[in-house]
Amino acid sequence: QVQFVESGGGLVQPGGSLKLSCAATVRAFSIYNMGWYRQAPGKQRELVAAISSGGRTNYADSVKGRFTISRDNAKNTVYLQMNSLKPEDTAVYYCNVNTIQMTPLFDSWGQGTQVTVSS
């Protein structure tokens with residue numbers, strides 16, 4: 001049974017930064033593509049950043065140039081560095097294993113970590 005534990009969220013002013021972490025209890029973590037998703041109130045969950053097993057990254061247009069996804073295979077952890085945060089980045093952030101089509105592989109999600117960008 002795979003589990004995801006997200007952390008690092010909080011309240012930050014516009015223009016600020018946060019770094020999120022997601023620890024995944026999954027065997028052979030290094031072979032998986034990983035993704036960071038977010039869900040804002042009243043909206044569908046969306047993929048914001050993805051990293052392949054080989055380290056290739058992809059970003060949603062809304063976060064390109066501001067967010068950076070990375071991974072530490074030794075720690076079974078994927079990170080999301082978020083800079084120049086905007087109020088529209090406010091959401092609960094989750095991670096999951098990605099399919100080749102960059103959709104979530106598992107139906108089960110962690111508790112997520114709340115990011116609130118407000119002055």
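Select V97 to start: leaving aside its neighbours within four places in sequence, V97 is in contact (heavy atoms within 4.5 Å) with F4, Y32, N33, M34, T103, P104, L105 and F106. The model is predicted, so local features need pLDDT of at least 70 and side-chain atom pairs count only at pLDDT 80 or more, while totals for chains, interfaces and linings use all residues. Residues are numbered from 1 along each chain as its sequence is written, and side-chain values use heavy atoms, with hydrogens and water left out.

Widen the selection to residues 91-98, which make up strand β9 and include V97 (strands are DSSP runs of E of at least two residues, numbered from the N terminus). V97 counts as buried because its relative accessibility is 0%, where buried means under 20% relative accessible area with a 1.4 Å probe and protein chains only. Adding F29, which lies 68 residues away along the chain, gives a C-alpha separation of 9.2 Å from V97.

Next, select F4, W36, V78, L80, M82 and Y93, which touch the most other members among the 29 residues of the largest nonpolar core (buried Ala, Val, Leu, Ile, Met, Phe, Trp, Tyr and Cys residues joined through side-chain atoms within 4.5 Å). Elements giving two or more residues to this core include β4 (33-39), β9 and β10 (113-117).

Finally, show the open sheet of four strands, ordered β1-β3-β8-β7 with antiparallel pairing (two strands pair if DSSP finds at least two bridges between them). Because β1 (3-7) and β7 each have a single partner strand, they stand at the edges, with one side of each left without a neighbour in the sheet. Inside it, six bridges join the antiparallel strands β3 and β8, and A23 has T77 in β8 as its bridge partner.

Note on methods. Buried means under 20% relative accessible area, exposed over 50%, partly exposed in between (1.4 Å probe, protein chains only).
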